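Reader: I have a structure on my screen and would like to learn how to read it. Where should we start?

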Amino acid sequence: MLPLDIYQTGYVVQDLDAAVERWRQTTGIGPFDYIRHVQVVEGRYRGQPTSIDFSVAVAQTTTMQIELIEQHDALPSCYRDVFGSGGEGLHHVAILANDFDGELARYHAAGHVSAYGGTYHGTRFVYVDTLSTLGIMVELVERRT
């Protein structure tokens, strides 16, 4: 198995702007870059097409990327799977996968299912439902060279 890099922790929040301000005041981390109403190509939630409406704010520390995620609609999603419609907290760790398909197949063989995925700016990603073993999801992101 190739070494994997956890490069991001992702948090579901109820109010993106307020959460960014809390993170800045509490940790000093920033600046945060916003991506409002993320446009995912061929988004699929648990095998079905979806077009959930969500925004993110991302800050880079020396060793870790912090991603804050606010879902704007009430559609079923991997974010709602963890926190319902009112909770906040750690949602996932993201791994850069050298062999995206092989790594995803490894998770599937272990009994985990794909919760949500698609393509963003030409890069494939998928949230794997690892709630039963880790209490959070794992996001696989295709490492692009």
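Author: We start with pairing: two strands count as paired if DSSP finds at least two bridges between them. In general, the strands of a sheet pair through backbone hydrogen bonds, either parallel or antiparallel. Keep in mind that this is a predicted model.

Reader: Which residue in β7 is the bridge partner of glycine 10?

Author: Glycine 10 has histidine 92 in β7 as its bridge partner. The two strands concerned, β1 and β7, pair in the antiparallel sense over seven bridges.

Reader: Do β1 and β6 run parallel or antiparallel?

Author: β1 and β6 run parallel and are joined by five bridges. Valine 12 stands opposite isoleucine 69 in β6. On β6 there is also a pairing with β5, which is antiparallel and has seven bridges. Here alanine 57 stands opposite leucine 68 in β6.

Reader: In what order do the 10 strands lie in the sheet?

Author: The order is β2-β5-β6-β1-β7-β10-β9-β8-β3-β4, in an open sheet with mixed pairing. At the edges are β2 (33-35) and β4 (48-49), each of which pairs on one side only.

Reader: How many helices go with the 10 strands?

Author: There are four helices in the protein beside the 10 strands. Along the sequence, the pattern reads β-α-β-β-β-β-β-α-β-α-β-β-α-β. The radius of gyration is 15 Å, close to the 15 Å that the globule rule gives for 145 residues, so the protein is as compact as a globular protein of that length. Its C-alpha atoms fill a box of roughly 40 × 35 × 30 Å along the principal axes.

Reader: Which strands does helix α1 lie across?

Author: Helix α1 (residues 16-27) lies across β1, β2, β5 and β6, and runs at about 155° to β6. In the loop between α1 and β2 you will find proline 31. The peptide bond leading to proline 31 from glycine 30 is cis, with omega near 5°.

Reader: Let us turn to another helix. Which residues of α3 are buried?

Author: Buried means under 20% relative accessible area. In α3 (residues 100-109), Phe100, Glu103, Leu104 and Tyr107 are buried. They cover an arc of only 100° around the axis, which puts them on the same side of α3. The buried residues of α3 pack against four strands: β7 (89-97), β8 (113-120), β9 (123-129) and β10 (137-142). After α3 comes glycine 111, with a positive phi near 95°.

Reader: Is leucine 4, in the segment before β1, buried or partly exposed?

Author: Leucine 4 is partly exposed, with a relative accessible area of 29%. Beyond its neighbours within four places in sequence, leucine 4 is in contact with Ile95, Leu96, Glu103 and Arg106.

Reader: What should I look for in the interior?

Author: In soluble globular proteins, nonpolar side chains tend to be buried together. In this protein, buried residues make up 43% of the 145 residues. The largest nonpolar core has 16 residues, of which Phe54, Val56, Ile69, Cys78, Tyr79, Tyr116 and Tyr127 touch the most other members. Two or more residues of this core come from each of β5 (54-60), α2 (78-83), β8, β9 and β10. The most are given by β5, with three residues.

Reader: Which residues is cysteine 78 in contact with, leaving aside its neighbours within four places in sequence?

Author: Cysteine 78 is in contact with Tyr45, His91, Ala115, Tyr116, Tyr127 and Met137. There is also a second, separate core of 12 residues, which includes Val13, Val20, Phe32 and Ile66. As for contacts in the protein with a separation of 6 or more, 59% are between residues 24 or more positions apart.

Reader: Where does glutamate 42 lie, and what is its phi?

Author: Glutamate 42 is in strand β3 (residues 41-45). Its phi is near 55°, a positive value in a residue other than glycine. Glutamate 42 is exposed, with a relative accessible area of 67%. Arginine 46, in the loop between β3 and β4, has a positive phi near 50°. Arginine 46 is partly exposed, with a relative accessible area of 32%.

Technical notes:
Residues numbered from 1 in each chain as written. Predicted model: local features only at pLDDT ≥ 70, side-chain atom pairs only at ≥ 80, totals over all residues. Heavy atoms only, no water. Buried < 20%, exposed > 50% of the residue type's maximum accessible area, 1.4 Å probe, protein only. Arc of directions from axis to C-beta. Contact = heavy atoms within 4.5 Å. Core = buried A, V, L, I, M, F, W, Y, C linked by side-chain atoms within 4.5 Å. Axes fitted to C-alpha atoms, helices over the stretch in contact; angles between N-to-C directions. Rg over C-alpha atoms; globule rule 2.2 N^0.38 Å.
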